[in-house]
Amino acid sequence: GHYVAHVCPQPGQTKWVKFDDEIVTFCNEEATVQDNFGGADPALPNYPWTRANSAKPRTHNAYMLVYIRDDSIESILRDVQPGDINPGLVER
């Protein structure tokens with residue numbers, strides 16, 4: 001299957017980063033949280049042959065949720081140093 005990852009690099013902020021293979025983009029909290037837990041999406045119209053005013057189901061579901069202990073936030077969400085990155089990934 002295809003997986004994407006969403007990260008909020010600054011605790012308490014609403015700007016998230018979406019990692020979709022080699023494409024990295026910013027997104028808001030709604031796109032990150034609300035759009036990844038299934039259910040119906042009223043913004044997406046259903047197929048024309050179904051009843052009116054019905055919504056198309058969301059097909060994205062969160063696969064894994066990670067919590068970080070308060071006393072570890074600074075060490076985990078710190079700025080990346082050049083030596084932290086695997087050289088093979090830099091060359092790619």
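**A walk through a predicted protein model**

Both D71 and R69 are exposed, where exposed stands for over 50% relative accessible area, buried for under 20%, and partly exposed for what lies in between (1.4 Å probe, protein chains only). These two residues also form a salt bridge, with their closest N and O atoms 2.6 Å apart. A salt bridge here is a side-chain nitrogen of Lys or Arg within 4 Å of a carboxyl oxygen of Asp or Glu.

Before we go on, a word about what you are looking at. This is a predicted model, in which local features need pLDDT of at least 70 and side-chain atom pairs count only at pLDDT 80 or more, while totals for chains, interfaces and linings use all residues. Residues are numbered from 1 along each chain as its sequence is written, and side-chain values use heavy atoms, with hydrogens and water left out.

Let us step back to the whole protein. Its secondary structure comes to three helices and five strands. Helices (H or I, at least four residues) and strands (E, at least two) are DSSP runs, numbered from the N terminus. Following the sequence, you meet them in the pattern β-β-β-α-β-β-α-α. The protein has 92 residues, and 10% of them count as buried. Its accessible surface comes to about 8,200 Å², with 54% belonging to carbon and sulfur atoms; such areas come from the Shrake-Rupley method with a 1.4 Å probe, and for residues only the protein chains shown count as cover. Now take the contacts between residues at least 6 apart in sequence: 21% of them join residues at least 24 apart. Contact means heavy atoms within 4.5 Å.

Now find the sheet. Three strands form an open sheet in the order β1-β2-β3, with antiparallel pairing. Two strands pair if DSSP finds at least two bridges between them. The edge strands are β1 (5–7) and β3 (23–28), each of which pairs on one side only. From one strand to the next, the twist averages 30°; for angles like this, axes are lines fitted to C-alpha atoms, for helices over the stretch in contact, and the angles run from 0 to 180 degrees between N-to-C directions.

How many bridges join β1 to β2? There are three, and β2 covers residues 15–20. As an example, A5 has F19 in β2 as its bridge partner. On the other side, β2 and β3 pair in the antiparallel sense over six bridges. Here K15 is partnered by N28 in β3, and K18 stands opposite T25 in β3.

Strands β2 and β3 form a hairpin with two residues between them. D21 sits in this loop between β2 and β3, and it has a positive phi of about 55° although it is not a glycine. Most residues other than glycine have a negative phi. Is D21 buried or exposed? With a relative accessible area of 56%, D21 is exposed.

Next, travel to the later part of the chain. I68 lies in the loop between β5 (55–57) and α2. Leaving aside residues up to four places away in sequence, I68 touches I73, I76 and L77. I68 is partly exposed, with a relative accessible area of 32%.

A search of the whole structure finds two salt bridges. You have already met the one between D71 and R69. In the other, R78 joins D84, and the closest N and O atoms are 2.9 Å apart. R78 is partly exposed, at 43% relative accessible area, and D84 is partly exposed too, at 42%.

Our last stop is a nonpolar patch on the surface. Which residues form this patch? They are V80, I85, L89 and V90, with about 390 Å² of accessible area together. Patches are made of residues with over 30% relative accessible area and no salt bridge; like charges are joined within 9 Å, and nonpolar side chains (Val, Leu, Ile, Met, Phe, Trp, Tyr) within 5 Å. V80 lies in the loop between α2 (73–76) and α3 (87–91), and it counts as exposed because its relative accessibility is 56%.
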